[in-house]
Amino acid sequence: MTESHPPTALPSTTTAEPGETGCAGGLTVLDPPGLPGPADAQDGPADAPGAPDGPADDRTAPSTAVQDRLAGRLSDITALHEHTERLARARGLATTLDTLLASGAALLGARRGVLVTRMPGGGPGQPVGLGLDRASLGALETVPPEQSLLGRLLRERDRPEQLHSPDLAEDPAIGARLRELAVHLGLGGAFGLPLATPEDGPLAAALWFWDEPAEPTECRRELARHYSAIAAPLLAKQLEAEQIRRTTEALRRGLLPDHLPQTAGLRLAARLVPAGLDRSCGSDWYDAIPLPDGTVGLTVGSVSGDGPGAGPGSAPGAAAAMGRVRAALRAYAVLEGEDPVSVLGDLELLLKTTEPTRTATAVYAWVEPEERRVTLAGAGHCPPVLVGRRGAEFVETSLSAPLGMLACWEAPGVEFTAERGDTLLLYTEGLARRCGPTLHAGQANLRRAAADAPRDVRIDPDRLCAHLLAVCPAPEAATTATDDLMLLAARFE
């Protein structure tokens, strides 16, 4: 195992391995080191490879060797540019890590690899593999920390510039567990690089493997080092974005119920897939409110940003407003939950008074579990779906404007009695748009998917929610990237 640390002074030239095609030492575009210019080509030694016979003064063109090196260098720069451009186009942390591993393998001529990001405490995170299945990655995680090559590349201090072992199975410098795994997994040579920036320190570490004992040429190593140096700042941005996404998702989930109430005669389940705040145009809620008389209030809704047509920049404010609106709706439900029209009317008045630049769509249903009686009202919201033994149908609420849009919101309520075994589905616009190219088509596809669900799925609200999310993939025309996905299911038993 060779462990190279950054030299105090970088050498001015790097020589390609003999016989390596399309690979030239050094990657400097302006005045490349080691390559002769026009004067050097004319004044070079007469016995240089490819030099024509005769006096040096008669030579007016670069030698064949120089032309080959120029062509090789151009090939190197082109390959490096293609791989870094591919990395720059990657969207999301997972795609970035996969691209980084694949490009590094291509530049090194390797077939397999593993990459880990550095956890806040300093240790390696969950590995990402190239050409390694989950069992192989799990086996590599059993290497003790003191023997871990990835752990060395993640050090804050004494971090090697690169690691290389021509034959892991026979390398006495690595631990016994890693040698054992190399034999078991068929790993030959290995080459590793850290991904670090001066501002952030070590971000990740990558190891690439050959199937047989092997040693990458110096040119391939240099290409991989250049690529890693370019990749590290891009990776830093993706890691920062992922941390922000996880934090905001946790905050948004904290504004919603942490559990659903257990009520005799009613089984509840819900699903939430929030859009990122960097691209979301609003914020959705769901709730199941146990009322003092043993009934239950069910609601889903969505708060838009800073008024009609608001864009992603207002999404964080919309999330905070959603929390306030949901809290107010819970209070109104406790006071007058048996009258959904009054609940939504009070909510609209509050929205106009305290959130004058925002709008909201909502549906609120008052449920008597024992009698299976439901009274509901909607404000510019998608119609609920009632799933029963004979299929699924919309609960047609009257057409009405969203809350906060008109001078006065008004809409009649709807009352019906469900049968034992029926399931009421309340959902937000994001899920409907996920299911079709238009809102209307998505609602129809969602109803059809609920009707066609297997019987064992329809009788379990939790499985039904999971089934609907799975069978309603987002087509190209859908806008789910800017919408939360929200689904609340209530089954009458």
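Let's start with one residue: at 10% relative accessibility, H83 counts as buried (buried means under 20% relative accessible area, exposed over 50%, and partly exposed in between, with a 1.4 Å probe and protein chains only). This is a predicted model, in which local features need pLDDT of at least 70 and side-chain atom pairs count only at pLDDT 80 or more, while totals for chains, interfaces and linings use all residues. Residues are numbered from 1 along each chain as its sequence is written, and side-chain values use heavy atoms, with hydrogens and water left out.

**The whole protein**

- You're looking at 13 helices and 16 strands; helices (H or I, at least four residues) and strands (E, at least two) are DSSP runs, numbered from the N terminus.
- The protein has 493 residues, and 48% of them count as buried.
- The accessible surface adds up to about 23,600 Å², and carbon and sulfur atoms hold 53% of that; the areas come from the Shrake-Rupley method with a 1.4 Å probe, and for residues only the protein chains shown count as cover.
- Take the contacts with a separation of 6 or more: 68% of them are between residues 24 or more positions apart. Contact here means heavy atoms within 4.5 Å.

**Back to H83**

- H83 is part of helix 2, which covers residues 64–89.
- Leaving out residues up to four places away in sequence, H83 touches S103, A106, L107 and Y227.

**A six-stranded sheet**

- Six strands make an open sheet in the order 1-4-5-6-2-3, and the pairing is antiparallel. Two strands pair if DSSP finds at least two bridges between them.
- Strand 1 (2–4) and strand 3 (128–130) are the edge strands, each pairing on one side only.
- On average, neighbouring strands of this sheet are turned by 15° against each other, direction ignored. For angles like this, axes are lines fitted to C-alpha atoms (for helices, over the stretch in contact), and values run from 0 to 180 degrees between N-to-C directions.
- Helix 3 (residues 93–108) packs on the sheet and touches strand 2 (112–117), strand 3, strand 5 and strand 6 (201–209). The direction of helix 3 makes about 35° with that of strand 3.
- As a bit of background, strands of a sheet pair through backbone hydrogen bonds, either parallel or antiparallel.

**Strand 5 and its partners**

- Strand 5 is mostly covered, with seven of its eight residues buried.
- On one side, strand 4 (residues 162–165) runs antiparallel to strand 5 (residues 190–197), and three bridges join them.
- Across that pairing, L163 stands opposite G192, and S165 stands opposite A190.
- Strand 5 also pairs with strand 6, in the antiparallel sense and over eight bridges. Here L193 of strand 5 stands opposite A206 of strand 6.
- Three residues make the hairpin connection from strand 5 to strand 6.

**Salt bridges**

- A search of the whole structure turns up 23 salt bridges. Each is a side-chain nitrogen of Lys or Arg within 4 Å of a carboxyl oxygen of Asp or Glu.
- R112 and D211 form one of these through their side chains, at 3.0 Å from N to O. This pair links distant parts of the chain: R112 is in strand 2, D211 is in the loop between strand 6 and helix 7 (218–254), and they're 99 residues apart.
- R112 counts as buried because its relative accessibility is 11%, while D211, at 31%, counts as partly exposed.
- E156 and R118 also meet through their side chains, at 3.4 Å from N to O. E156 lies in the loop between helix 5 (149–153) and strand 4, and R118 in the loop between strand 2 and strand 3, so the pair ties together parts that are 38 residues apart in sequence.
- E156 is partly exposed at 49% relative accessibility, and R118 is partly exposed with a relative accessible area of 25%.
- E218 and R225 make another salt bridge, at 2.8 Å from N to O. E218 counts as partly exposed at 23% relative accessibility, and R225 counts as partly exposed at 22%.
- Finally, a network of salt bridges links R267, D460, R491 and E493.
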